[in-house]
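Please read the following account alongside the sequence and the three-dimensional view. It proceeds from the interior to the sheet, and then to the helices and the open surface.

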Amino acid sequence: MSTSPSRPVVESESPAIRLRALRKSFDGHEVLKGVALDIRHGEVLSVLGRSGGGKSTVLRCVNLLERPTSGTIEIEGETIFADGAAVRGQNLVRLRRRVGMVFQNFQVFPHLTAAENVVLPLVHGAEVPEPEAVDQALRMLHRVGLADKALRTPDTMSGGEQQRVAIARALALNPVALLFDEPTSALDPESTREVLGVIKELAADGMTMVVVTHELGFAREVADRVAFFDDGVIVEEGEAQEVIGNPQHPRTRAFITGMETEPHTVH
């Protein structure tokens, strides 16, 4: 039986991430319809929902990979988007360091080693001196269980190992929060367990995370809260155990009933 996470969630004046009235349209089709959401420091929010419901779009808006149509976004009390205007230039670069993104298709550089994949954004994005960047890269690879794969290239690694390199790369920039867009959707069951295990360890360490996932067992075990998205709005939001175990909205109930309910074992 899964239990609720026991780590403390940090209370502060400003949440790590705050969204208000967030809207996003593509070619006249509104994908996000006024989303409001707070993610507290140290909290793990799992985002569930059907394909096309707005889950990935909201993550990409937070990191300004997609420019919202309207609404506001704050990171630790700092407004990064409001009234159609977003941070630019070096402020955008700084945002990308503060809010790391891990994609479902890894996005590691195939011609670089695992260590070089982590070093590159440190040296060229954060202007960290190369010796320090190498030390940081090796520490982060050790943290995700890949200390012995530092000199391997992605074509000699499993999908799960490549995804863990991507996580190490995001962690190396010391972000305020990490955003995961279905990080296990392209992985086999063994690799899925490995990646979810790393995310579980990060949660135990107090990392603030938003995880879009189809892994219901993982969400139940690791997340503090769940937000169920459907048709561009948050239909239901609350403690993970309550939303998954006793959903109140018919759309949430129908979605969860139709999902695979046997949880993955995360070590």
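**From the cavity to the pocket**

The largest cavity is lined by Ile17, Leu19, Leu37, Ile39, Leu45, Val47, Val58, Leu59, Val62, Leu179 and Val210. The model under discussion is a predicted one. Its largest cavity has a volume of about 60 Å³, and the structure holds one cavity of 30 Å³ or more. Classified by residue type, the lining comprises 11 nonpolar residues, with no polar and no charged residues. Four elements each supply at least two residues of this lining: the strands β1 (17-26), β2 (29-39) and β3 (44-49), together with the helix α1 (55-62). The greatest contribution comes from α1, which gives three residues.

Two of the strands that line the cavity also belong to a sheet. Five strands form this open sheet, in the order β2-β1-β4-β5-β6, and their pairing is antiparallel. The edges are occupied by β2 and β6 (85-86), each of which has a single partner strand, so one side of each is left without a neighbour in the sheet. In general, the strands of a sheet pair through backbone hydrogen bonds, in either a parallel or an antiparallel sense.

How are the two partners of β1 in this order joined to that strand? On one side, β1 and β2 pair in the antiparallel sense over eight bridges, and within this pairing Leu22 has Val35 of β2 as its bridge partner. The two strands form a hairpin with two residues between them. Asp27, in the turn, has a positive phi of about 50 degrees. On the other side, five bridges join β1 to β4 (residues 70-75), and these strands likewise run antiparallel. Here the bridge partner of Arg18 is Glu74 in β4.

Attention now turns to the helices. The buried residues of α3 (114-124) are Ala114, Ala115, Asn117, Val118, Val119 and Leu122. Their spacing may be read against a general rule: an α-helix has 3.6 residues a turn, so residues three or four places apart point the same way. What covers the buried residues of α3 includes α4 (130-143) and α5.

Helix α5 (residues 159-172) contains Gln163. Is the side chain-bearing residue Gln163 buried or exposed? Gln163 counts as buried because its relative accessibility is 0%. The side chain of Gln163 nevertheless has polar atoms of the backbone within reach. One of its polar atoms lies 2.8 Å from the backbone oxygen of Phe103, and the side chain also reaches the backbone oxygen of Pro183 at 2.9 Å. When neighbours within four places in sequence are left aside, Gln163 is in contact with Val102, Phe103, Gln104, Phe106, Pro183 and Val195.

Helices α3 and α5 also take part in lining the largest pocket, where each supplies at least two residues, as do α2 (89-98) and β7 (99-102). About 540 Å³ of space lies in this pocket. Its lining consists of 21 residues, of which Arg96, Met101, Pro121, Arg169 and Leu173 lie nearest the centre. By class, the lining of the pocket has 14 nonpolar, four polar and three charged residues, whereas the lining of the largest cavity has no polar and no charged residues.

Definitions and conventions
Residues are numbered from 1 along each chain as its sequence is written. This is a predicted model: local features need pLDDT of at least 70, side-chain atom pairs count only at pLDDT 80 or more; totals for chains, interfaces and linings use all residues. Side-chain values use heavy atoms; hydrogens and water are left out. On a 1 Å grid over the protein atoms alone, a cavity is a set of points where a 1.4 Å probe fits but cannot get out, and a pocket is an open set with protein on both sides within 12 Å along at least five of seven lines; lining residues have an atom within 4 Å of a point. Grid points are joined across faces, edges and corners, and a volume is the space filled by probe spheres set on the points. Ala, Val, Leu, Ile, Met, Phe, Trp, Tyr, Cys and Pro count as nonpolar, Asp, Glu, Lys and Arg as charged, and the others, Gly among them, as polar. Buried means under 20% relative accessible area, exposed over 50%, partly exposed in between (1.4 Å probe, protein chains only). A polar contact is a pair of N or O atoms within 3.5 Å; within protein, one must be able to donate a hydrogen and the other to accept it, and residues adjacent in sequence count only if both atoms are side-chain atoms. Contact means heavy atoms within 4.5 Å. Two strands pair if DSSP finds at least two bridges between them.
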